[in-house]
Amino acid sequence: MMPTLNIVLLLLISEDVIGLPCLTNESKEDFDKSRKALTVVQSDIVKVVNTLESNHQHTITALESALKNTVTIMENNVKKTTDVLKNNLGTFKTTLNSMGQKIKKLDNDFKETKWIKYDGHCYYYSPDASDWFTAERKCREIGGYLAKIDNDEEKNNMYSNANLKSYHYWIGLTDLKEGDFRWTYDQSKAKIKYWYPRYGSKGTGSNCVAAAYHDNKLKPLDANCASTNYRYICESNFYSIDVLKYMNSRQKIAWIEKGREGRVHDKLQDNF
């Protein structure tokens with residue numbers, strides 16, 4: 001651009017000089033001064049243009065650098081976010097696989113041991129007879145404990161599922177301290193109102209309790225713990241700690257209030 005501007009200015013000056021008549025000395029001096037002034041103006045214009053071009057280049061360079069830094073930061077953030085998502089996805093897959101295996105195991109347990117689910121708990125009614133201590137051990141081996149009866153609804157459910165007309169069933173109730181009947185599950189004291197006829201005070205030789213059929217109802221009887229004439233009922237909490245940990249606080253509180261996790265009991269209701 002600058003060479004073109006110089007040529008134009010020189011042509012204008014030359015044309016003016018050629019077209020002028022003979023000049024006086026004074027006119028020549030004025031002409032020389034004007035030419036010098038024009039040269040200064042030309043020089044100033046060149047400086048201004050160079051400055052503008054330099055500033056423009058600096059601005060472009062600065063913008064390119066800032067844009068490059070921004071892109072780099074964004075790429076790093078995207079990479080970090082992707083890594084976090086991949087890690088969380090891996091953890092989620094592991095958790096799902098673990099839960100799947102536990103659900104599969106639970107399903108196999110139901111099929112193999114024939115658990116019957118009721119009101120958040122599972123019950124197993126043994127087909128074989130044993131003494132009370134063997135029954136307790138066998139219940140523990142399959143993930144349960146000798147049954148604890150909390151209310152009439154649970155008692156009626158047992159009555160419906162157990163073959164009480166043909167067999168008596170050990171439950172998790174003893175009076176190792178004579179007359180003080182307690183559940184082995186949590187050592188809470190049992191309140192028994194109606195015993196099987198002529199039972200309930202058989203003495204120190206009959207410290208274990210079995211469920212029996214009488215008058216179309218399930219009633220307890222105390223017997224010798226070593227007796228091998230009775231079958232047994234195992235109970236298991238359906239929702240284990242492994243499942244509860246996936247519940248939120250509100251769900252856990254609601255579950256505990258309903259008595260599913262820790263066996264919350266009706267304080268004023270007799271067990272039998």
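In this predicted model, the charged end of Arg-231 sits over the ring of Tyr-167, 3.5 Å from the ring centre.

Rings also meet other rings here: a search of the whole structure turns up 8 aromatic pairs. One of them joins Trp-115 and Tyr-124 in a tilted arrangement, with 6.1 Å from centre to centre and 55 degrees between the planes. Trp-115 counts as buried because its relative accessibility is 9%, and Tyr-124, at 14%, counts as buried too. Phe-181 and Trp-195 make another tilted pair, with their centres 4.9 Å apart and their planes at 55 degrees. Phe-181 belongs to strand S5 (residues 180–183), while Trp-195 comes from the loop between S5 and strand S6 (208–214), so this pair ties together parts that are 14 residues apart in sequence. As for exposure, Phe-181 has a relative accessible area of 7% and is buried. Trp-195 comes in at 19%, and since the cut-off for buried is under 20%, Trp-195 is buried as well.

Then there is helix H3, which spans residues 132–141. Its buried residues are Trp-132, Thr-134, Ala-135, Glu-136 and Cys-139. What lies over them? The cover includes strand S3 (145–146), strand S4 (169–177), S6 and strand S8 (231–237). At the N-terminal end of H3, Asp-131 acts as the cap, placing a side-chain oxygen 3.0 Å from the backbone nitrogen of Phe-133. Past the other end, just after H3, Gly-143 takes a positive phi of about 85 degrees.

Conventions
Residues are numbered from 1 along each chain as its sequence is written. This is a predicted model: local features need pLDDT of at least 70, side-chain atom pairs count only at pLDDT 80 or more; totals for chains, interfaces and linings use all residues. Side-chain values use heavy atoms; hydrogens and water are left out. Rings of Phe, Tyr and Trp (its six-membered ring) pair if their centres lie within 6.5 Å; planes under 30 degrees apart count as stacked, over 60 as edge-to-face and the rest as tilted. Buried means under 20% relative accessible area, exposed over 50%, partly exposed in between (1.4 Å probe, protein chains only). Helices (H or I, at least four residues) and strands (E, at least two) are DSSP runs, numbered from the N terminus. A charge sits over a ring if NZ of Lys or CZ of Arg is within 6 Å of the ring centre and within 35 degrees of the ring normal. Contact means heavy atoms within 4.5 Å. A polar contact is a pair of N or O atoms within 3.5 Å; within protein, one must be able to donate a hydrogen and the other to accept it, and residues adjacent in sequence count only if both atoms are side-chain atoms.
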